[in-house]
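Please look through the model shown below with a view to its helix packing, its buried loop residues and its annotated domain. A short briefing, grouped by topic, follows the display.

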Amino acid sequence: KPQLVASNDRFCRFLEEYCPVVTETYYPTIWCWEGRVQTLLRPFITSRPQVQYRNELIKTADGGQISLDWFDNNDSSHYPDASTRPTVLLLPGLTGTSKESYILHMIHQSETLGYRCVVFNNRGIAGEELLTPRTYCAANTEDLEAVIHHVHSLHPSAPFMAAGVSMGGMLLLNYLGKTGRDTPLMAAAIFSAGWNVFESVESLEKPLNWLLFNYYLTTCLQSSISRHRQMLEKLFDMDLVMKARTVREFDKQFTSVMFGYRSIDDYYEDASPCRKLKSVGIPVLCLNSVDDVFSPAHAIPVETAKQNANVALVLTSCGGHIGFLEGIWPRKCTYMDRVFKQFVQAVFEHGNKIFSM
């Protein structure tokens, strides 16, 4: 059974009644129970539901643009009125977009419940051009704030919550820690967040993890900016950036410099959500597996979570990073997908029971 960490008895009872999956025994797929195997196999094993998006480009205050992919769910029989149709903002991982299988599954789950989804693609990553020499990072919440304000302004009467995966979850937590209760979001769900970036990069630099994950992630980061080389060369030594062989080296030469940090340590400290968890002012459910090499078990802020009545952690012993595969042949729904579906439904349809906490 997962470990449920929450200091608020009412929040616990709410989850037990309306999101019972967090108290059920999780049986990982028996032939890929190890965390790294789960992490590696999920993108190849799970199906990719068909989703028809409507793309919207919005302008930012600094002259840039952000690509949003909308799933309007206009055929929703549960919520035929678009103005009050519940809306879920989805934040993919480090180099992820609206095309990731885990995002498509979240949208598929939301579709069955009648909800609308919008995917926040980080700058320059979803095929759109960079209009300014700026991309994104886990610590800077300006683009997310702009997106949340934009979506809420379009549908001010619609219940609104967000879900972030991996770096998307870190960004969402950093935003919530900054804004407290001053947000139009009702609640949030966080999956496989890296709580302490120092511990995450150290774990990923162990030889086997570097071979399986770190080097590949670094090349994905380099690939995501190489298309914008002409724009970025105005500020960066791109040859040096392209020589990075770890995420830490990439962040040292590129990310921390772009966002004006004095050192990579300053950036990593600012990017670590564990430092801001005590300031979160809305109900947040966070799912992590303790065998996730991207977010080591000892770095999960269990004691800090116990000090904030708005926070609940769900910790499984297996599942890896965005894995949570279950069943003999885990093509479709994962444990993570079931947590997402039950929690968003609980918030949208029974949320009044926790908002009086």
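Helix H10 (residues 247-258; helices, labelled H or I, are DSSP runs of at least four residues and strands, labelled E, of at least two, numbered from the N terminus) has as its buried residues Val247, Phe250, Asp251, Phe254, Thr255, Ser256 and Met258, where buried means under 20% relative accessible area, exposed over 50% and partly exposed in between, with a 1.4 Å probe and protein chains only. This is a predicted model, in which local features need pLDDT of at least 70 and side-chain atom pairs count only at pLDDT 80 or more, while totals for chains, interfaces and linings use all residues. Residues are numbered from 1 along each chain as its sequence is written, and side-chain values use heavy atoms, with hydrogens and water left out.

**Surroundings of H10**
- The buried residues of H10 pack against helix H7 (207-226), helix H8 (229-232), helix H9 (238-241) and helix H11 (264-271), contact meaning heavy atoms within 4.5 Å.
- Just after H10, Gly260 adopts a positive phi of about 75 degrees.

**H3 and H13**
- The axes of helix H3 (residues 101-113) and helix H13 (residues 335-350) come within 10 Å and cross at roughly 40 degrees, the axes being lines fitted to C-alpha atoms over the stretch in contact, with angles from 0 to 180 degrees between N-to-C directions.
- That angle makes H3 oblique to H13, since angles under 35 degrees count as roughly parallel, over 145 as roughly antiparallel, 65 to 115 as roughly perpendicular and the rest as oblique.
- Residues on the H3 side of the contact include Tyr102, His105 and Met106, and those on the H13 side include Met336, Phe340 and Val344.

**Loop between E3 and E4**
- Ser76, in the loop between strand E3 (65-71) and strand E4 (87-91), is buried, with a relative accessible area of 6%.
- The side chain of Ser76 reaches the backbone nitrogen of Tyr79 at 3.0 Å, and a polar atom of that side chain also lies 3.0 Å from the backbone oxygen of Gly114.
- Asn73, placed in the loop between E3 and E4, is likewise buried, with a relative accessible area of 7%, and a polar atom of its side chain lies 2.8 Å from the backbone oxygen of Tyr115.
- Leaving aside neighbours within four places in sequence, Asn73 is in contact with residues including Arg85, Ser110 and Gly114.

**Annotated domain**
- The unreviewed UniProt entry carries the annotation "domain: AB hydrolase-1" for residues 86-327, given in the numbering used here with feature names shortened, and such annotations may be inferred rather than shown by experiment.
- The end C-alpha atoms of residues 86-327 lie 30 Å apart, and the span is 41% helix and 14% strand.

Note on methods
A polar contact is a pair of N or O atoms within 3.5 Å; within protein, one must be able to donate a hydrogen and the other to accept it, and residues adjacent in sequence count only if both atoms are side-chain atoms.
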